[in-house]
Amino acid sequence: MNKILICIIGVFSNAIAYAQEIELKNWQFHSEKDTVEQLVETPHTWNLLDAFDDTPGYWRGTGYYTTQTTITNLTKSYYLHFNGVNQVAKIKVNNREAGAHKGGYTAFDVDITPYIIKGNNTITVEVDNRHDEKIPPLDADFTFFGGIYRTVYLVEENTAHFKKNNGADVIKIDALLDDNWQGTLNINGSVSNPEKTSYQLKLSLLNASNEIVAESEKTVTSNFKISSEFKDPLLWSPDAPNLYIVELEIFDGDKLLDTYRHYIGFRKFEVSTSGFKLNGQPIKLIGVNRHQDLEGFGNAVPIKKQLEDLVMIKDMGSNFLRLAHYPQDKSVYKAADSLGLILWSEIPVINKVPIGADYAPYKKNSIQMQEEHIAQNYNHPSFIFVGYMNEIFIRMVFDKPSEEEKPQIIANSLDLAKTLEKLTREEAPNHITVMALHGNQIYNDTKIADIPMVIGWNLYYGWYEGQTDDLGGFLDNEFKKYPNRPLIISEYGVGADTRLHNSKPKKFDFSEEYQFKYHPGYYQQVTDRPFVVGMAAWNFADFSSEFRGDALPHINQKGLVNYDRTPKNIYYWYKGILKPEEKESRFFRGLSTHISNDSNKEITIISNQDILLQVNKNKPIHLEPTNGLISYSVNLKEGRNTFKLMNEKVELQDSLSLKYYKPDFSKTDELAINFGTESYFLDSNNQIWIPANQTVNLKIFGDVVNQNSSTNIRNTINDPLYQSSLTNINKLHFDVPKGIYEITLLFSKLKKEPKQVYELNRKENEINQSDQSNSLIINDNKVSLKELDLFNKQDITLSVNAENGITIETINNQVFSICGILIKKNND
Ligand code: GCB
């Protein structure tokens, strides 16, 4: 894996040299909120901490960046090239306004030539990430981190150079193939110099070893169009991402004015209800969606880290990547070219379109974004699906606007979709237009779904609604109703936290087991249906969504890998199933200790080959996988159990050690019990909390009810412990041997959880915790509880002398609620 990464980084750094560029990295920064100047390095965001803290919301306002740069030659042209600033940028050079840009996800150039002086120049960038009803995205399930969060360059050009527009050089390359697989390069471009009308243009085509394989020269005018045939090109595909470099040089006589270089790839594709064909071959598109942020960086992620993501995505066996929900850094497109990933790239028109006076400027900004998006990425061979809308009616369905507003919302959404579709077809005529919908018939009823060439459905059966197996029926029905409409599953997934494990996994338990059960079912239903073009899991990695409360606050945990990119078990399942040629077998890893009444344990093996499983010292058993999986039930012995996996050549593939003990105080001195859940939880001290129904010595009295809420619990990272509780308890009794025990009681106050926009069909939890008694009697000790704040934890630790077990009760027949109890025998 590292080998590929080194190789792609190598390719980037030595092959492509544009004009003279200097990265501007060091800036003085202050904001409206914090006026103290500090030195920062771009990529930078000011929301790195507050998007993850316990206070709801994150700061959205204006930040100011200043840097100095020396310019000595005033006969040249100078641009600032910003790869991404969220979301409005105003640029001043030597205190004079030089340019501005709206929209946080596309690059832009600012021509600063008129404002520079010889010597030191001061560049100031005012950045605003405040909500603005006129700029997409208005609303979405991710954090809108503010700042200059991608790289910035000072670019020096000769006065006559390839023209710049929409944040890119105005050069469009189509590498086309005819029916006999012969190549044609069609290149359109433009040179910026109104005084001179004729130039010499030299086109060179270089192969992957940097050797010139074709050359031509032509006299052209400022706006040029050239075409060149190329025999027997090596084709670009996910299996063989053969690249060439187009080099364009523009001369005035002998004087080289400007050079443009770009990787290109010859490929031909088509899409229909028979699926996707690349270079004449059908391929099922299977891959992931990707958000750009990463733990510890927010959205200001170094390029090397972004490339590591793409390598991991490819290494999993993906051939497809949806850059949801916005254009990403240009290095991402380059990496997709060299790794062989087919991209769906889109602009962030998400969840809703405004009505009233905001619509016209919103539409203008959306058009601008799509123009920039296409201009900046057109020449990449990986850039194939071009999108412009995600779940545009979800807010309307959720917010239930008035009968007067509803038709306006629909009309504006249709108008925008038609406008962006037309623009995309004109600007990217050799590409596939696409739009993503949420699972609601409103898209069919309004006919918005008839607009793009391909429809993407974001379908969360088995999570927000229905069961995993409902997917197939939905797809068959859509195909029956719209037999000519190609469709793709643009999102599917469930939240999973690697600290949570459940042998009877169910929706919204955030266990890895549920995620593991869900994905193979989806895969099977999609691969069984040839008319489905493909599928992209939501999401490659966990990502930040400030308002969200999953088992980790502020993080959407539907990733196949964690926020820090360590793989969850499901990543390896995909790898096994998508890369059958690379034989791999490994154990599903849950908790390293099985604390249960039941010695029976189902062992899950991820494998794309027949294997031999050895349990302890027993004779190895031969097992065959189905759909990349093997489940095997074993009876554990008390203490340590070892498992070995061997391939048919008896080579060791993986091993696992699993300790087993019964949660019985006659055998253990320590137990941690998590109430209100059936999941096991591993906390930040490596303590395993077991569900109450596993304990043998515990008796619960009362008309008890479980309650759950997946909302941020303040002052802890062990949210799952406090997100579930047992309520209405009269008395708890632990039958423990005589002795002194230290016990810790965990409390929090939960409430009826508001439904989120993505949870349309989810039942809200009725939580009634008003019955919390304010004091408890624990054996002979009276313990007073402080008034609980909503979603704030409270822990109480005390020492208890147990003569006849430990009893926790209330006075006067009151009842109480509790989240967890940790009991430790004091052996001193
Ligand atoms: C969706 C959205 C995506 C959300 C996802 C979820 O349908 O398109 O932005 O993050 O659901 O996890 O709820």
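This report describes the surroundings of the ligand and two helix pairs in a predicted model.

**The ligand and its shell**

The ligand is surrounded by 14 residues, of which Asp-141, His-325, Glu-391, Tyr-464 and Lys-558 come nearest. Sorted by character, the residues of this shell comprise five nonpolar, four polar and five charged ones. Polar side-chain atoms of Asn-390, Trp-538 and Lys-558 each lie at a short listed distance from an oxygen atom of the ligand, as set out in the table.

| Residue | Ligand atom type | Distance |
|---|---|---|
| Lys-558 | oxygen | 2.5 Å |
| Asn-390 | oxygen | 2.9 Å |
| Trp-538 | oxygen | 3.1 Å |

On its own the ligand has 320 Å² of accessible area, and the protein covers 99% of that area. Lys-558 thus appears twice in this account, being among the residues that come nearest to the ligand and having a polar side-chain atom 2.5 Å from a ligand oxygen.

**Two helix pairs**

Helix H4, which spans residues 359-377, packs against helix H6, residues 405-427, with the two axes 10 Å apart and at an angle of about 25 degrees. Because angles under 35 degrees count as roughly parallel, H4 and H6 are described as roughly parallel to each other, and H4 passes H6 in a right-handed crossing.

In the other pair, helix H9 (residues 512-527) and helix H10 (residues 569-578) have axes that come within 9 Å and cross at roughly 25 degrees. H9 and H10 are therefore also roughly parallel to each other, and their crossing is right-handed.

Terms used:
Residues are numbered from 1 along each chain as its sequence is written. This is a predicted model: local features need pLDDT of at least 70, side-chain atom pairs count only at pLDDT 80 or more; totals for chains, interfaces and linings use all residues. Side-chain values use heavy atoms; hydrogens and water are left out. A residue is near a molecule or strand if one of its heavy atoms lies within 4 Å of it. A polar contact is a pair of N or O atoms within 3.5 Å; within protein, one must be able to donate a hydrogen and the other to accept it, and residues adjacent in sequence count only if both atoms are side-chain atoms. Accessible areas come from the Shrake-Rupley method with a 1.4 Å probe; for residues, only the protein chains shown count as cover. Ala, Val, Leu, Ile, Met, Phe, Trp, Tyr, Cys and Pro count as nonpolar, Asp, Glu, Lys and Arg as charged, and the others, Gly among them, as polar. Axes are lines fitted to C-alpha atoms, for helices over the stretch in contact, and angles run from 0 to 180 degrees between N-to-C directions. Helices (H or I, at least four residues) and strands (E, at least two) are DSSP runs, numbered from the N terminus. Angles under 35 degrees count as roughly parallel, over 145 as roughly antiparallel, 65 to 115 as roughly perpendicular and the rest as oblique. A crossing is left-handed if the near helix is turned anticlockwise from the far one by less than a right angle, and right-handed if clockwise.
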